[in-house]
Amino acid sequence: MATPSRKTSTSSSLVSKRALPRDPSSEVSSKRKSSAPPAPPPPLPLQSSRPFVEGSIVRIVMENFLTYDICEVSPGPHLNMIIGANGTGKSSIVCAICLGLAGKPAFMGRADKVGFFVKRGCSKGMVEIELFRTSGNLIITREIDVAKNQSSWFINKKSTTQKVVEEQVAALNIQVGNLCQFLPQDKVGEFAKLSKIELLEATEKSIGPPEMHRYHCELKNFREKEKQLETSCKEKTEYLEKMIQRNERYKQDVERFYERKRHLDLIEMLEAKRPWVEYENVRQEYEEVKLARDRVKEEVRKLKEGQIPMTRRIEEIERQRHILEARIKEKATDIKETSQKCKQKQDIIERKDKQIEELQQALTVKQNEEHDRQRRISNTRKMIEDLQNELKTSENCENLQPQIDAITNDLRRVQDEKALCEGEVIDKRGEKESLEKERKSVGDNIVRFDNLMNQKEDKLRQRYRDTYDAVLWLRSNRDKFKQRVCEPIMLTINMKDNKNAKYIENHISSNDLRAFVFESQEDMEVFLKEIRDNKKLRVNAVTAPKSSYADKAPSRSLNELKQYGFFSYLRELFDAPDPVMSFLCCHYHIHEVPVGTERTRERIERVIQETRLKQMYTAEEKYVVKTSFYSDKVISSNTSLKVAQFLTVTVDLEQRRHLEEQLKEINRKLQAVEAGLIALRERNRHLEHKDNELRQKKKELLESKTKKRQLEQKISSKLGSLKLMEQDTCNLEEEERKASTKIREINVQKAKLVTELTNFVKICTSLHIQKVDLILQNTTVISEKNKLESDYMAASSQLRVTEQHFIELDESRQRLLQKCKELMKRARQVCNLGAEQTVPQEYQTAFQDLPNTLDEIDALLTEERSRASCFTGLNPTVVEEYTKREEEIEQLTEELKIKKVELDKYRENISQVKERWLNPLKELVEKINEKFSNFFSSMQCAGEVDLHTENEEDYDKYGIRIRVKFRSSTQLHELTPHHQSGGERSVSTMLYLMALQELNRCPFRVVDEINQGMDPINERRVFEMVVNTACKENTSQYFFITPKLLQNLPYSEKMTVLFVYNGPHMLEPNRWNLKAFQRRRRRITFTQPSQ
């Protein structure tokens, strides 16, 4: 435990707090602090003259928390300066304050789980904060369970919930999530990143009255409601105007509706009178049709009496006609029989003529056959003579058998050569197929390697698109560079075993993994000018050392390290081009960093002490070993290895190069085989041609040898045919005599038949004359009959017409009678009259003013209907809709009045709340600005703070703007994460927090290592301001954490200095004696002037 003490009246008697040394048996990276007995109270009064502010921290206790085993800290009521070297545990106290006051782990930017804040190797940790309260101090205890990652809460040693703790802390106006009050080390940079709006909100919560932030929130809510009401009023007003305009349009429609109704009423009255007029017209027509029907009935009776004599005469003539037709049929039968006999005789005569014709044709055929036989005999004799001449010529040829044998031997030799050539072609084809299969296999392997490389390139494209685009550009423009240029290291590195990729990715930074490696500085400048300046791509590039480090031997042999579980150096885990390997050996010393196993992790303390390696890897961790500059002691730190992302894909480039060379050799062999095949095919074609020539010659010789025998056979055959033709003779004169005799006999028979035919023709002619006479008599009778029938038909037609006319008139009479009844019924229905009722007087009066004819009524109806049809788009509901819309307009008008009253009320509320919020806020910002400007002026710089907004009504856009100027030659610039340097941002942040100090209503403020980026001058000035501001009366408690301080800084009596020590030479807790230490310090101080 470390206890604070304060300065005495002299500046040389500074009393500090000191932490106990670590336990020598603990791990290298662990720290342990415990408390020493409290110092005796100093001569100056503490609580009485300098009381704590309500909510200030009185005591902090940590147990198994981060670097501490157990430690108790008792800060002072004003400025508490916590000093200690890096890594001793200063920020651990800040973490304890945050977590002990129900802050979230994320507020400190270190870890997201509370279990990570428990000391390594412990299952539980504890933080206890004691807060000053006039009614009695508040002790908040938080116990952290690592396994469950949960916390248990206690207030004044009684169990409670986190919500109750948060309420108690908020009641004391403690805001550990407000960067204006609580600024941990890892959040210093985020203060400058706060937007103006966020800074205003943090300032309101930190130093404003409790109601200021509430008023601001109310203003934002009121303004949102006001916007909603304004939008609602605007929408309702627009809708109301549209409704009024629409009703104005409908007003004209209503007037047109009533005008249309007047026309429809007149149409209704015309339609009521029209049936009565139509009935009267039909009734008159009925009377006229009835008279015409009676006249036609008398005419029908007279026509029927005149037809009786004509009917009797027609019947008598019909009997005469039947007798004549019977006699005509008898004559026709006789004529038919006689004609049949004539036909038979005529057919016999025709058959005799045909027999004569057949005899003549048979004689002609025999004559033609004899002429043909003589011609064929002559042709055969000529052919025999030609064949005998050819036979004589062929007998002069020599013996051809020796020539045939010689050609046969040549042909056999050519066929043997051809078979040998075809065998060689088959062998070459087999060799070609084998090489093509081998080429396909090698090509598939190369494609597989390329696919693996594509996977690496896809990962690069997804994560670093600019670098990927630069790789594509490099591949297309390698000719622009003088020396070798290597693609990004992550693409060129090829792991021998992808399980080891995590070591390389954890050892080499991501920026260098995606960097291009150049052998020439000039080439790199050309590349960056094109890629960064012209193409605006964000890429990294490095140059390899001029002298290669790729093959540099490690300082220690791997065999010496194998006893500790090391199996390789990083360099031996992968392959890479020489420039890349040289760069990594030079800058990352991969030839000096060994990789071990879990066995190495188990004996890590021995490895560190005996090997003195600066860096090493175990199975899952990286160890970095440093030697203390002050004590020459070894300090180590370890981190868990991240999972590999980019180098897990392994591509054996040497094997790929071997495959490419193998592919080239296969292609060369294929070309040689193809050339051999072409030569063999050409030789085969030549042998084929020679074979065909020999076969043709042999064929010609064989044909010459067999030609004589063929000629002798042909001559013998032709002589046989000639003999047969000469034996087949015919006597033409005898044949002609026989034919003439037969023809004469047939002619005698034909003359007898002609005589008989003549007699039958005469009989037939007489019968035809008798038949014609009877037909003439029958024609006269038929003519008379036709005349009588025509007269009868005319009379019958007139009778039918008259009867039809009678029927039509009778039907018309009945139809008109029925129509009269229907029209009467319809007319009564139109006027709503019963069967016995008369037409009402009102209808009679109205009918008198209307036309009396159907044409006039129809004309007027058409005119009125045309006028009514002009009123289109109207319907019976138009008046109802018009009335309904009038009611809706009235209702909307009332709603709009209510909304406007509500809007005026919100505006009045906004005006009242704005006055209560904005005026105090402006005064507060003005005070902050006054102090902030004074602080900057004292540093010969300029700074101002103002309330900034673009629109006075947008309360959610109000913010605090900080503008600073550190050089006289520049203008005031807004404080941003980008414009000012890190030191300038730290100074600005510190001065703003100091400006809040005197105005602050929060009980304490924490600032952790904000002076690290400042130059010595600004650091001295800021420290003086912090001391002067934080040590004034009635100011809140202040914690200032720093690892170092400048010499000869001014200090205040109200300061409390807390020293945090850590190291192997610390005193054991039981040997710590603060009184003895103070006595020795006083003796040294008193003896210094005499020296």
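Colleague: Which residues in helix 12 are buried?

Modeller: This is a predicted model, and in it Asp 523, Met 524, Phe 527, Leu 528 and Ile 531 are the buried residues of helix 12. Their cover includes helix 8 (465-476), strand 11 (515-518) and strand 12 (540-543).

Colleague: How do you know that the end C-alpha atoms of helix 12 are as far apart as they should be?

Modeller: Helix 12 covers residues 521-534, which is 14 residues. The expected span is 1.5 Å times one less than the number of residues, and for helix 12 that comes to 20 Å. The end C-alpha atoms are 19 Å apart, so the two values agree.

Colleague: Where is the kink in helix 12 centred?

Modeller: The kink is centred on Leu 528 and comes to about 25°. That value is the angle between two axes, one fitted to the seven residues ending at the residue and the other to the seven starting there. Leu 528 is also one of the buried residues of helix 12.

Colleague: What makes Ser 520 a cap for helix 12?

Modeller: A side-chain oxygen of Ser 520 lies 3.3 Å from the backbone nitrogen of Glu 522, at the N-terminal end of the helix. The limit for a polar contact is 3.5 Å, and 3.3 Å falls within it. Just after helix 12, Lys 536 takes a positive phi of about 60°.

Colleague: How do you know that strand 11 and strand 12 pair?

Modeller: Pairing needs at least two bridges, and 4 bridges join strand 11 to strand 12. One of the partnerships is between Ala 515 and Asn 540, the latter in strand 12. These two strands run parallel, while the pairing in their open sheet of 3 strands, ordered 9-11-12, is mixed.

Colleague: Why are strand 9 and strand 12 said to stand at the edges?

Modeller: Strand 9 (485-486) and strand 12 each have a single partner strand, so one side of each has no neighbour in the sheet. Helix 12 packs on this sheet and touches strand 11 and strand 12. The direction of helix 12 makes about 175° with that of strand 12. Angles here run from 0 to 180 degrees between N-to-C directions, so the helix and strand 12 point in nearly opposite directions.

Colleague: What is the order of the strands in the open sheet with antiparallel pairing?

Modeller: The order is 19-20-21, with 3 strands. Its edge strands are strand 19 (942-948) and strand 21 (973-974), each paired on one side only. Strand 20 (residues 959-965) and strand 21 share 2 bridges, and two is the number that pairing requires. Val 964 has His 973 of strand 21 as its bridge partner. Helix 21 (residues 878-938) packs on the sheet, touching strand 19 and strand 20.

Colleague: Why is His 507 called buried?

Modeller: His 507 has a relative accessible area of 7%, and buried means under 20%, so His 507 qualifies. You will find His 507 in helix 10 (residues 501-507). The residues that His 507 touches include Leu 570, Tyr 588, Ile 590 and Val 593. In addition, a polar atom of the His 507 side chain lies 2.8 Å from the backbone oxygen of Tyr 588.

Colleague: And why does Asn 1034 count as exposed?

Modeller: Asn 1034 has 75% relative accessibility, and exposed means over 50%, so the name fits. Asn 1034 lies in the loop between helix 23 (1016-1030) and strand 23 (1037-1042). Its C-alpha is 8.8 Å from that of Pro 51, although the two residues are 983 apart in sequence.

Colleague: What about Lys 336: why is it counted as exposed?

Modeller: Lys 336 has 64% relative accessibility, and the cut-off is again 50%, so Lys 336 counts as exposed. Lys 336 lies in helix 6 (residues 308-394).

Colleague: Why is Asn 149 called partly exposed?

Modeller: The relative accessible area of Asn 149 is 30%, and partly exposed lies between 20% and 50%, so that is the right label. Asn 149 sits in the loop between strand 5 (138-145) and strand 6 (150-155). Asn 149 has a positive phi of about 55° although it is not a glycine.

How values were computed. Residues numbered from 1 in each chain as written. Predicted model: local features only at pLDDT ≥ 70, side-chain atom pairs only at ≥ 80, totals over all residues. Heavy atoms only, no water. Buried < 20%, exposed > 50% of the residue type's maximum accessible area, 1.4 Å probe, protein only. Polar contact = N/O pair within 3.5 Å; in protein donor to acceptor, adjacent residues only side chain to side chain. Contact = heavy atoms within 4.5 Å. Lists of a residue's contacts leave out its neighbours within four places in sequence.
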